[in-house]
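User: Could you pick one part of this model and take me through it closely, including what surrounds it and how it fits into the rest? I would like one connected account rather than a list.

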Amino acid sequence: MRTFHMSVTERPDRTVVTLTGELDCDTCPRVTRVTDTVSLTGRTLGLDLSGVYFMDSSSLNMLLALRLRAEAENGALELYGMQEQGRRLLQLTGAGVLFSVRPTLAV
């Protein structure tokens, strides 16, 4: 069985969800259940993807939905530490311009 981990850290200005493993049709619903409970009103939701080594189209759909939700709630979505495969997915689909992608999570 594949390993997937998720943790949530509350900071004064943002909520950071750290993901490790594969982000796919099996794991995205788990992420969505957690992020649905996070208030984005005037806040930033950060996804630390530095431990995600595989992303598929369902992860792209999840990210797009989170982006729209953040926009609707006057919040923001930031992606941190995305590995090459995830960056390539955003590039190939043209979705990269829609996201704030940062090399690392600023401490």
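Analyst: Happy to. A good way in is helix α2, which lies across β2, β3 and β4 and runs at about 145° to β4. Please keep in mind that this is a predicted model. I will use strand β4 as the part to look at closely, starting from its place in the sheet.

The sheet is open and has 5 strands in the order β1-β2-β3-β4-β5, with mixed pairing. Its edges are β1 and β5; each has a single partner strand, so one side of each is left without a neighbour in the sheet. Direction ignored, neighbouring strands here are turned by 20° against each other on average.

In that order, β4 stands between β3 and β5. On one side, β3 and β4 pair in the parallel sense over 5 bridges, and within this pairing G46 stands opposite E78 of β4. On the other side, the pairing of β4 with β5 is parallel too, over 3 bridges. There E78 has S100 as its bridge partner in β5, while Y80 is matched with R102. E78 is thus a useful landmark, set opposite G46 and bridged to S100.

How does the chain get from strand to strand? Together, β3, α2 and β4 make a right-handed β-α-β unit. From β4 the chain crosses through helix α3 (residues 84-93) to β5, and this β-α-β crossover is right-handed as well. The helix we began with, α2, is therefore the helical member of the unit that leads into β4.

Next, the surroundings of the strand. β4 is mostly covered, with 4 of its 5 residues buried. In a regular strand, side chains alternate between the two faces of the sheet, and it helps to look at the residues of this one in turn. L77 and L79 appear, along with L19, L23, L47 and L49, among the residues that touch the most other members of the largest nonpolar core, which holds 25 residues. The elements that give two or more residues to this core are β2 (14-23), α1, β3, α2, β4 and α3. Nonpolar side chains tend to be buried together in soluble globular proteins.

L77 gives a close view of that packing. Leaving aside neighbours within four places in sequence, L77 is in contact with L45, L47, L63, L66, R67, A70, F99 and S100. One name in that set, R67, has a charged partner of its own: R67 forms a salt bridge with E71, the closest N and O atoms being 3.3 Å apart. R67 and E71 are 4 residues apart in helix α2 (residues 57-72), so about one helical turn separates them. R67 is partly exposed at 21% relative accessible area, and E71 is partly exposed at 48%.

Back in the strand, E78 brings a charge into this mostly covered element. E78 forms a salt bridge with R102, and their closest N and O atoms are 3.1 Å apart. This pair links distant parts of the chain, with E78 in strand β4 (residues 76-80) and R102 in strand β5 (residues 100-102), 24 residues apart. The two ends differ in exposure: at 11% relative accessible area E78 falls under the 20% cut-off and so counts as buried, whereas R102, at 37%, is partly exposed. Salt bridges that share partners then join D13, R14, E78 and R102 into one network.

For context, the structure holds 7 salt bridges. One of them is E10 with R43, whose closest N and O atoms are 3.2 Å apart. That pair again links distant parts of the chain: E10 is in strand β1 (residues 5-10) and R43 is in the loop between α1 (28-35) and β3 (44-55), 33 residues apart. In contrast to the buried E78, E10 is exposed, with a relative accessible area of 55%.

To put the pieces together, β4 pairs in parallel with β3 and with β5, has α2 lying across it, supplies L77 and L79 to the core, and carries the buried E78 that bridges to R102.

Notes
Residues are numbered from 1 along each chain as its sequence is written. This is a predicted model: local features need pLDDT of at least 70, side-chain atom pairs count only at pLDDT 80 or more; totals for chains, interfaces and linings use all residues. Side-chain values use heavy atoms; hydrogens and water are left out. A salt bridge is a side-chain nitrogen of Lys or Arg within 4 Å of a carboxyl oxygen of Asp or Glu. Buried means under 20% relative accessible area, exposed over 50%, partly exposed in between (1.4 Å probe, protein chains only). Two strands pair if DSSP finds at least two bridges between them. A crossover is right-handed if, with the strands pointing away from the viewer, the path from the first strand over the helix to the second runs clockwise. A nonpolar core is a set of buried Ala, Val, Leu, Ile, Met, Phe, Trp, Tyr and Cys residues joined through side-chain atoms within 4.5 Å. Contact means heavy atoms within 4.5 Å. Axes are lines fitted to C-alpha atoms, for helices over the stretch in contact, and angles run from 0 to 180 degrees between N-to-C directions.
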